[in-house]
Number of protein chains: 2
Amino acid sequence: MAGVRVVVVDDDPLVRAGLRMILGGAPDVEVVGEAVDGQDALDVVARELPDVVLMDIRMPRMDGLAATRRLKERGTTARIIVLTTFDTDEMVLTALQLGAAGFLLKDTAPADLVVAVRRVALGEPMLSPSVTTQLIAAVTRPADDGRRRKARILLARLTEREREVADAVSDGMTNTEIARSLHLGVATVKTHVGSVFTKLEVTNRVQVARYVHDAADER
Amino acid sequence: MAGVRVVVVDDDPLVRAGLRMILGGAPDVEVVGEAVDGQDALDVVARELPDVVLMDIRMPRMDGLAATRRLKERGTTARIIVLTTFDTDEMVLTALQLGAAGFLLKDTAPADLVVAVRRVALGEPMLSPSVTTQLIAAVTRPADDGRRRKARILLARLTEREREVADAVSDGMTNTEIARSLHLGVATVKTHVGSVFTKLEVTNRVQVARYVHDAADER
DNA sequence: CTCCGCCTCCACCATCCGGTGGAGCCAGGG
DNA sequence: CCCTGGCTCCACCGGATGGTGGAGGCGGAG
């Protein structure tokens, strides 16, 4: 194999030159093209069919995320590494959802950049540590946020039976259906539903459903 | 600084020896203790107060995930790297939610293992490529799963007004409240609620709330 | 043993819901 | 110009819901 073919996309000539120099130092990597914005990138990638694209985000005309989307829509085989100075949560998630294979900060060490290009060319992902941290936060955070905890606490005050009834209620069952399904009298169900309302401090069953769902959605 | 202090936890003596040898090759890393299972690990970590713990998952008595949870509960300052042969989605997410700083497969190259220990000691995360891939999948996937899409499609059939009413319904409001809040007659609200039921193919408002919630929870 | 909490049920009643079958108004498209 | 679809409202009805007060059984804590 002739090495990894790379296209560099950045509106700053200095950055392009720097990347060219860094990547040029690796014998198995070859920079086969440059683009100055997203629009340009579409053409260059179409012409050069590179293995990897190093894509800046902030660029005139078309930004890196939009360009990534377009490339993916066109079914490009090139793996895309997003390369930027800033790493907001939103950008990270957006880029990855668009199918970016890597997300690196511009403070990445030259050696790591080369490693990233090689790894991504092999189909592996490569993220900067802080990006990984954000990603971990993204899957960890939802595990315990505000109203979730409140819902848990309130639901914990329910007795076993009440909880069963509350679950049934939030499945959209009527009292009669619940009675049948739990082998109870309708009167009993109504009693339980009543105490659920009191304990959760609500006045109708839709609100019960909200609490149960909030407390539930385990991920 | 005297180097990174590491405790190795694995029930297999061969694995422990191997790790000791790999890490021993690095002058700035020192293996200060070993444990043969999770229970043991708690003691050793409490005694040695290491910077980093290399934790196997499959172990007798107490597995690595449980041990990680316990350590975190006790407010340990040690960063934990989970080290295992297998990487099921579930384990990865669980470990990270428990606060593991790293998740490495046992096929990791010795050099990378040392790098991981150093990076984790500095507070950065370190994941094997395949683990990173899973993590990306985990944050990308929820963007469109089964009943979510169905809910979206059904809700799309609602008119503007009906959608407003549906939202109000799933906030737990009564028809009268909705009427007031949207400056409508109660009769109108009832009409809208009726068509919402028809279009969503449900028979009561709790089920409407389910659809709206399913379609909603953007992440 | 007695009290307390939970579970089970009852009756009564006002209100809310959900279903049905209308009707008038308006804007956009054929 | 008429038809369609969305929005607004009306009346009527049976059944479901939510609120109140009460009662008996049962098991555990004091």
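This passage describes the DNA contacts, the salt bridges and the chain A to chain B contact of a predicted model.

Local features are reported at pLDDT of at least 70 and side-chain atom pairs at pLDDT 80 or more, whereas totals for chains, interfaces and linings use all residues. Residues are numbered from 1 along each chain as its sequence is written, chains are lettered from A and ligands numbered from 1 in the order in which they are written, and side-chain values use heavy atoms, with hydrogens and water left out.

DNA strand D is surrounded by 16 residues, the closest being Lys190(A), Thr159(B), Gly185(B), Thr188(B) and Thr191(B); a residue counts as near the strand if one of its heavy atoms lies within 4 Å of it. Of the atoms of DNA strand D that come within 4 Å of the protein, 73% belong to sugar and phosphate. Polar contacts are pairs of N or O atoms within 3.5 Å; within protein, one atom must be able to donate a hydrogen and the other to accept it, and residues adjacent in sequence count only if both atoms are side-chain atoms. A polar backbone atom of Gly185(B) is 2.5 Å from a phosphate oxygen of DNA strand D, and a polar side-chain atom of Thr188(B) lies 2.8 Å from a phosphate oxygen of the strand. At Thr191(B), a side-chain N or O atom is 2.8 Å from a base nitrogen of DNA strand D. Two or more residues near the strand come from each of helix 10 (186–200) of chain A, helix 8 (160–170) of chain B and helix 10 (186–200) of chain B. Helix 10 of chain B gives the most, with four residues. Helices (H or I, at least four residues) and strands (E, at least two) are DSSP runs, numbered from the N terminus.

Over all chains, 24 salt bridges are found, each being a side-chain nitrogen of Lys or Arg within 4 Å of a carboxyl oxygen of Asp or Glu. One of them joins Glu48(A) and Arg5(A), at 3.5 Å from N to O. Glu48(A) is in helix 2 (residues 38–48) of chain A and Arg5(A) in strand 1 (residues 4–9) of chain A, 43 residues apart. Glu48(A) is partly exposed at 23% relative accessibility, as is Arg5(A) at 27%; buried means under 20% relative accessible area, exposed over 50%, and partly exposed in between (1.4 Å probe, protein chains only). In a second pair, the closest N and O atoms of Lys199(A) and Glu162(A) are 2.9 Å apart. Lys199(A) lies in helix 10 and Glu162(A) in helix 8 (residues 160–170) of chain A, so the salt bridge ties together parts 37 residues apart in sequence. Lys199(A) is partly exposed at 25%, whereas Glu162(A) is buried at 7%. In chain B, Arg61(B) and Asp37(B) form a salt bridge at 2.8 Å, N to O. Here Arg61(B) is exposed at 68% and Asp37(B) buried at 5%.

Chain A and chain B each give 29 residues to their contact, defined by heavy atoms within 4.5 Å. About 2,600 Å² is buried between the chains, 66% of it from carbon and sulfur atoms; this is the accessible area (1.4 Å probe) lost on putting the two parts together, summed over both. Two salt bridges are counted between the chains, and Asp171(B) and Arg210(A) meet in a salt bridge at 3.3 Å, N to O.
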